[in-house]
Amino acid sequence: MVVTTELAKDIDNEKAAVLPLPARTAKRPRDIRLDLFRGLAMLIIVVAHVPMNPWNDWIPARFGFSSAAEMFVFGSGFASALAFGSIFNKAGLWMGTMRVIHRIWQLYWAQIASFLVVVAISAWATRHLATADYLERLSLGWFLADPAQGIAALMTLRYIPQYFDMLPMYMLVLASLPLAIAVSRLHRLLPLALAFMLWLAIQLTGFNLSARPGSDWVWYFNPLAWQLLFITGFSFGMGWLKPVSLRRTGLVALSLLVVAGCIPFAFWGITAIAPALTDVVLRLGHDGASFIFWHWPIWFSHWSSHGAPGCRASGG
């Protein structure tokens, strides 16, 4: 929860940060739909991480197979296409890669700095407020028991503290963009095919990265699996995938049926019985249906006011 604000700010500022100075004069109009869903995802993530919060019983994850995390990762992929796509296309693969590395470098230090600030605040609150052991709640005992080892593991991303899972995952999936751009020159669907093959390999092997040395902790957001959703959003943003027209009311009605039909099944423990089925068919299906259903009123409002512009993958 602590780092998601930085991630939202990062995505919001990417378009201005990655473009050369002369190119900033022709500013692209913002897409309120992307802003809306990113904002909703951030709000839901905050609500879901507030302890003893009754609103946590009413977040989307309680009524379907996808959550705000899927919405946010997909939106991050789409936003990354808006931020970096033109650099790759106009300045070339090398310059685009340098821009991506620069963004990852910024996110890396945001991760380190925010964690150290939270450790200091939690230590002070635990000692002086005497209301709760915040260090224990954040599972910081291992880090504080051997700070030298903890700092080394933190700096090399071998230690991913609790509630600090999002930025490391985002950094690694962002690092895949140069490869995605490179292979897209062979075929525009090749990045998505490779992303799916990597996801499938992870499902079959169960491989994950260690989140703490000497323990069985693993990354909560396995970047090798979540990259599929990120690359899917990126593919839509780049125009490699073409969305269906939202003027098809039958599709909107089908999306409503999927969203409503998932409600009773979300409580049946299907995620534990068939995790691979849940990840692809149920979670992505529910996420896509939710996006279409909630996206449609915004698109219709824009269409009514400005005329039907069509629904382009580039975010028009």
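Accessible areas in this report come from the Shrake-Rupley method with a 1.4 Å probe, and for residues only the protein chains shown count as cover. The structure is a predicted model, in which local features need pLDDT of at least 70, side-chain atom pairs count only at pLDDT 80 or more, and totals for chains, interfaces and linings use all residues. Residues are numbered from 1 along each chain as its sequence is written, and side-chain values use heavy atoms, with hydrogens and water left out.

**Overall composition**

The chain exposes about 16,600 Å², of which carbon and sulfur atoms supply 69%. It contains 14 helices and 0 strands; helices (H or I, at least four residues) and strands (E, at least two) are DSSP runs, numbered from the N terminus. Of the 316 residues in the chain, 42% are buried. Buried means under 20% relative accessible area, exposed over 50%, and partly exposed in between (1.4 Å probe, protein chains only). Contact means heavy atoms within 4.5 Å. Among contacts in the chain with a separation of 6 or more, 76% join residues 24 or more positions apart.

**Helix packing**

Axes are lines fitted to C-alpha atoms, for helices over the stretch in contact, and angles run from 0 to 180 degrees between N-to-C directions. Angles under 35 degrees count as roughly parallel, over 145 as roughly antiparallel, 65 to 115 as roughly perpendicular and the rest as oblique.

The axes of helix α4 (residues 93–128) and α7 come within 10 Å and cross at roughly 150°. Helix α4 is therefore roughly antiparallel to α7. On the α4 side the contact involves Tyr 108, Trp 109, Ile 112, Phe 115 and Leu 116, and on the α7 side Ile 151, Leu 154 and Met 155.

For helix α9 (residues 177–184) and α10, the axes come within 8 Å, with a crossing angle of roughly 130°. This angle makes α9 oblique to α10. Ala 180, Val 183 and Ser 184 of α9 meet Leu 190, Pro 191 and Leu 194 of α10 in this contact.

**A nonpolar patch**

Leu 194 also belongs to a nonpolar surface patch of about 500 Å², together with Phe 196, Met 197, Leu 200 and Leu 204. Patches are made of residues with over 30% relative accessible area and no salt bridge (a side-chain nitrogen of Lys or Arg within 4 Å of a carboxyl oxygen of Asp or Glu); like charges are joined within 9 Å, and nonpolar side chains (Val, Leu, Ile, Met, Phe, Trp, Tyr) within 5 Å. Leu 204 is found in helix α10 (residues 190–205) and is exposed, because its relative accessible area is 71%.

**Loop residues**

Two loop residues other than glycine have a positive phi, as tabulated below.

| Residue | Phi | Loop | Relative accessible area |
|---|---|---|---|
| Ser 139 | near 55° | between α5 (134–137) and α6 (141–145) | 23%, partly exposed |
| Tyr 163 | near 70° | between α7 (147–155) and α8 (166–174) | 32%, partly exposed |

Most residues other than glycine have a negative phi.

Asn 56 lies in the loop between α2 (32–48) and α3 (68–91). Its relative accessible area is 17%, so Asn 56 is buried. Not counting residues up to four places away in sequence, Asn 56 touches Val 47, Ala 48 and Arg 62.

Gly 239 is placed in the loop between α11 (223–238) and α12 (249–265). With 16% relative accessibility, Gly 239 counts as buried. Its C-alpha atom is separated by 8.9 Å from that of Arg 188, which is 51 residues apart from Gly 239 along the chain.
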